[in-house]
Amino acid sequence: MLFAIPKPKKDVTEMKRLKTCFLLVLALSLLMPGAILAETPEATAYKTDTPIVIDGDLSEWVLDSPIVIDDISQVIRDANAWNGPMDSSCTVYVMWDEDNLYLAADVNEDTPFGAIEMLPLDGQDNFKLYISTDPSADPDRTEYGAHDFLVFFVVDNQYWDTAFDRSMVPKENRERFISKGMDGGESVLAGHERAVKLTATGFIYEAVIPWVNFSNANIPVYTPQTGDRIKFNFAITDISYPCPGTEFVPQLVWTGGLGINTNPSSWGTLIFQ
Amino acid sequence: MKRYYPLAFFLALLLAVTPVLAAQQPEVKATVKNIIEVDGLQFKDLNDNGKLDVYEDWRADIDDRIADLLSQMTLEETVGLLFCNNTSGQFSGTYPVTYNYLYRQDCPFEPAEDEPFSDGFSAWYYINEYHNRCFLDNANGTPEEQVFVHNEIQKMCEDTRLGIPMTFTSDREYNSWGGFVDKPHAAFGTANDPELSEKLLKRYAESMKSVGVHVTFEPYGNEIGAFNGEDPEYIAKMTELEVATLNENGLATCTKHWIGRGGDASFQNARSVAQNVDNWLEGWKAALRAGTPWIMTNSGATGLSNNVPVEYDKATMSYLRDTLGFDGIIVTDWWALGMGSQVQGVTNEGVDIGKLNGRQLYGMMLENGVDIFGTVVTLRGEDIEARIMANYPDCIVNGVLEGDIDEYYVQRAATRVLRFKFELGLFENPYSDADYAIRLGANSSYTGKPINSLEEYTAAPRNIKSNEDLRAVRNEYDVALGEQMQASSAVLIKNDNNLLPLSLGTKVYVAASSDDLAEHYAQYIDYYGPIVSTMEEADVVIGDFTAINDVAEMFIDDAKDAGKPIILTLNNTLPTQEWVINAVDALMYLSFNQKADHGSQLPGFMTTTEPWVYADMLFGIREPSGMIVKEITRNAEMDALQWKDLAGDQGASTWVRLLLQATMKTSETHTTPENWGDPLITYKYGMRYGQKGDFAFETLVLPSVIVEREVAGRWGGATIQSIAEQANARVGEPYNVNFLLWNHGGSDVVNVEAVSNGKVIAEKLMAVNGESWRVVSMDLFFDAPGQHDVTIGTLNATITVE
């Protein structure tokens, strides 16, 4: 069904106008540092009393706190190659229980599943989950702590690689939890399940990630409590043409800029309820 | 007159024999159309008219065959020749193939649940709807699977009105075991072993031909900074070898990407103030000398004029067609209309290509000499903005019909395309023999059989799941050559105290970027030395990493804490950090990676150095013997200053850089010395087991100051003379010293230390090729005034610090 629908024809003039506005706003923002330090967004993760069935069907999800990633102001890389929300965008939902984090994404994508092994993980179709497992950590911290994690989910209809990138965590904060799976071809999340269902404009992604994955001998397993607030962010990457020569691979993020890869202060906040 | 008799006799003989030679029957194979007999010879009745047409007559001159065929083609059919799609419009192909992928006629269709994403186009659709006769096939499969798919597509082509055969191209250079193994690009340059390279390339060509692939979109090592490094002489040598060997053995090369994507900088970004275009073109000229029949453009990047993408730049295209005289096929890369948005720029003639419509863009490219437009998918209509990376043949058809495009250029391009097919004999027999492909690519134990139907294809067992499985079925000779290449392309960077090779029985702890990989290594290392589970138990610890990141850093820290000798192998990542080289006892760079180029590698296969070869190298059964082909910078700032169109100038001063420039300009092969700059590791560097450096320090030069001294004259009186004297240093300020570091032994690294009063005040890692030298420039820093005795190697100086 995805393929029978004509590709949405973009309004080039409109896109150019939006991009110009975006650049203008960006320039003004740089002139006014206060604007960048504006409050970061919040979203709610709802607790589920029964484990969610991972089948690509979101009927059992609470969907009233969406994390929407669909605006040109959220494009943090190769904005010139992003052709609007139907090119690549998503709405993300988060739920939880004592053992698991649940993630769902309703994705608009005109060229889904663009993974190619020759490219680095960050150059393939992917989701990037930025998450802290320490509610007590300073929300304004400017470098990664032991409990701050970046997880890659490669979005390919065959392999679904996952990886942890901890290269940005200062050595003294790593607690021997180091990067895993960054060469691709691995699934590094124990107990992780995911399901995908194609839609008319993209696909629904649903996954479960046990909290134990964010721990090791030095970092205890996080068990969320209602009312916990943790730093959180989410990114979607879209390669429209999965070839080694591809120059532009747009990336959109819930909040913040490229600095989110080294500085958690500009992540949003997830509230457990 | 008498003296002309022998010549007359020879001419008479030649005339008598020529018809016999010309009438030598080629193999004619038809699966759909009839074979007709004329004069006792066989021909294919491709247009099914029961007569022998000129284009069907393999005895006829190729120009006449082309003209006859073009005269029978509709404009749509002719334009169809000018596009090359990925097979069935799928970037990675589908494996295993399906009915939809090959035969489906009601396109676009809705793919089945288990089919990877596509636009819902089939091979049949492109052949019949768009008259395409060029597919880019980066598909996976065993030799017999590939033969089946290619033959089925050729059958569909034969079944069309004029029976024009398909040209199969591939981004992969060795794809007869598609998705299992491909050419290890970087290894060829690093190995610096033309004999081994030639053997492998010959096998690649024969294998590709056997499965029905006609063109590889390779090589691209001719570009400065790519797989063959940056020395134009070496690039030219390796490029010429590759192009010649592939073509001589039946696989046409498409050298790419004109005028240069480059290894680390495209042509547009590489050009220094010196504008070393000639230097850049050495590799291209080598490819042309070797007879490359196809060339691919570097879409999206500028060329000589540096204002519009190459296909739209008359100067760049004319240089190729007219100055260099290339008359083969020029195919664009897969985004000639733009990527993300339409191409931009203003040509030398003042044309703003960002404002052109599809007809004008295609017309300009055709006029500039392009023959084929590459793309994943082809679409109807002329609205190129609808999907900028698709192709739109209607633009050309309508452009010709309405006078916007000169048909001459369409015919010229189609003529080149058809000439290639005729010269290859595809009109007579485009089919491949699965038995032969299996015999060539597999060993005698392989159980794969020729496939005759989609049902047989679907039912065929697919039980090659690991490197070991693959090794067991591939041709032994190919396996042996590949394994030799794995060792030949490994570069030994450091080997303190001859730590490598290890002695049998050495207790080894091994770590790697992934646990699976470490286990795989351990399985084979264990043949030679026991694997232990902790560093403390080990005689030596070995780490293999794909990046110097937090994982490698923790490994090195742990090994140092354990006090064990460290062997580090950097897998497809260069040793770029001085601290890493200093921290380990032995260091090897593994450049080998046979991952399938473009499309998808089949899961479960390790594509880098295989664990049994890895173990063999560690224990000296095989020896790493590669070299660094591109000097390695000391830091990003140094690299940013390097001229990407000049070799050997990492870290060089402007003065030295200009000396290198002049040397390159006056060298026939455009080469330069590798030891004049100040890189971390020099071009051609590579150690051997058992060899070590024999370093000698010489000619310490300290900073000077000019002072004026009154000197007594010979005949009395005094004159004032300017005299150079040793300068004093100042506390906390750099005091730059220079000296020669000779290496009378084999290639090796040495950490040069400047010691003052028992304290190291400066150090610098130097890699020096065997029987060579380098100039060492070091900044010394003093933290107290007074007289300081400084020792650097065997050099000594007393320096006054103020």
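User: Let's start with A:Asn233. Which strand of chain A is it found in?
Analyst: Keep in mind that we're looking at a predicted model. Going by the strand boundaries, residues 229-237 of chain A form one strand, and A:Asn233 is found in that stretch. That's strand E11.

User: Is A:Asn233 buried or exposed?
Analyst: The cut-off for buried is under 20% relative accessible area. A:Asn233 has a relative accessible area of 0%, so the verdict is buried.

User: Which residue's backbone oxygen lies 2.6 Å from a polar atom of the A:Asn233 side chain?
Analyst: Look first at what A:Asn233 touches beyond four places in sequence: the contacts include A:Lys128, A:Tyr130, A:Trp254, A:Thr255 and A:Trp267. One of these supplies the backbone oxygen 2.6 Å from a polar atom of the Asn side chain, and that's A:Thr255.

User: What about A:Ser88, what's its relative accessibility?
Analyst: A:Ser88 sits in strand E4, which covers residues 88-96 of chain A. Setting aside neighbours within four places in sequence, A:Ser88 is in contact with A:Trp82, A:Asn108, A:Ile236, A:Asp238 and A:Leu252. A:Ser88 counts as buried because its relative accessibility is 0%.

User: Zooming out, what share of the 273 residues in chain A is buried?
Analyst: Chain A has two helices and 13 strands. Its exposed area is about 11400 Å², with carbon and sulfur atoms supplying 55% of that. As for its 273 residues, the buried share is 55%.

User: How is the aromatic pair of A:Phe149 and A:Phe214 arranged?
Analyst: Over all chains, the count is 52 aromatic pairs. For this one, the centres of A:Phe149 and A:Phe214 are 5.3 Å apart and the planes make 65°. Planes over 60 degrees apart count as edge-to-face, so A:Phe149 and A:Phe214 are edge-to-face.

User: How many residues apart in sequence are the parts that this pair ties together?
Analyst: A:Phe149 and A:Phe214 are both buried, and both belong to one aromatic cluster that also includes A:Trp96, A:Trp211 and A:Tyr222. A:Phe149 lies in strand E7 (148-154), while A:Phe214 is in the loop between strands E10 and E11, so the pair ties together parts that are apart in sequence by 65 residues.

User: And over in chain B, what kind of pair do B:Tyr99 and B:Tyr103 make?
Analyst: B:Tyr99 is partly exposed at 47% relative accessible area, whereas B:Tyr103 counts as buried at 18%. Their ring centres are 5.7 Å apart with planes at 45°, so the pair is tilted.

User: Which residue lies over the face of B:Tyr457?
Analyst: Chain B has a couple of charge-over-ring cases to look at. In one, B:Lys183 lies over the face of B:Phe188, 5.4 Å from the ring centre. For B:Tyr457, the distance to the ring centre is 4.8 Å, and the residue over its face is B:Arg462.

User: Where in chain B is the pLDDT below 50?
Analyst: Chain B has a mean pLDDT of 94, and 97% of its residues reach 70 or more. One stretch has a pLDDT below 50 and, beyond near neighbours in sequence, has zero contacts in the model: residues 1-21.

User: Last one: how many of chain B's 802 residues, as a percentage, count as buried?
Analyst: Chain B comes to 25 helices and 26 strands, and its C-alpha atoms fill a box of roughly 110 × 75 × 70 Å along the principal axes. Its accessible surface is about 30900 Å², 50% of it from carbon and sulfur atoms. Of the 802 residues, the buried part is 60%.

Note on methods
Residues numbered from 1 in each chain as written. Chains lettered and ligands numbered in written order. Predicted model: local features only at pLDDT ≥ 70, side-chain atom pairs only at ≥ 80, totals over all residues. Heavy atoms only, no water. Helix = DSSP H or I, 4+ residues; strand = E, 2+ residues; numbered from the N terminus. Buried < 20%, exposed > 50% of the residue type's maximum accessible area, 1.4 Å probe, protein only. Contact = heavy atoms within 4.5 Å. Areas by Shrake-Rupley, 256 points an atom, 1.4 Å probe, with all protein chains shown as cover. Polar contact = N/O pair within 3.5 Å; in protein donor to acceptor, adjacent residues only side chain to side chain. pLDDT = per-residue confidence, 0-100. Phe/Tyr/Trp six-rings, centres within 6.5 Å; stacked < 30°, edge-to-face > 60°. Lys NZ or Arg CZ within 6 Å of the ring centre and 35° of its normal.
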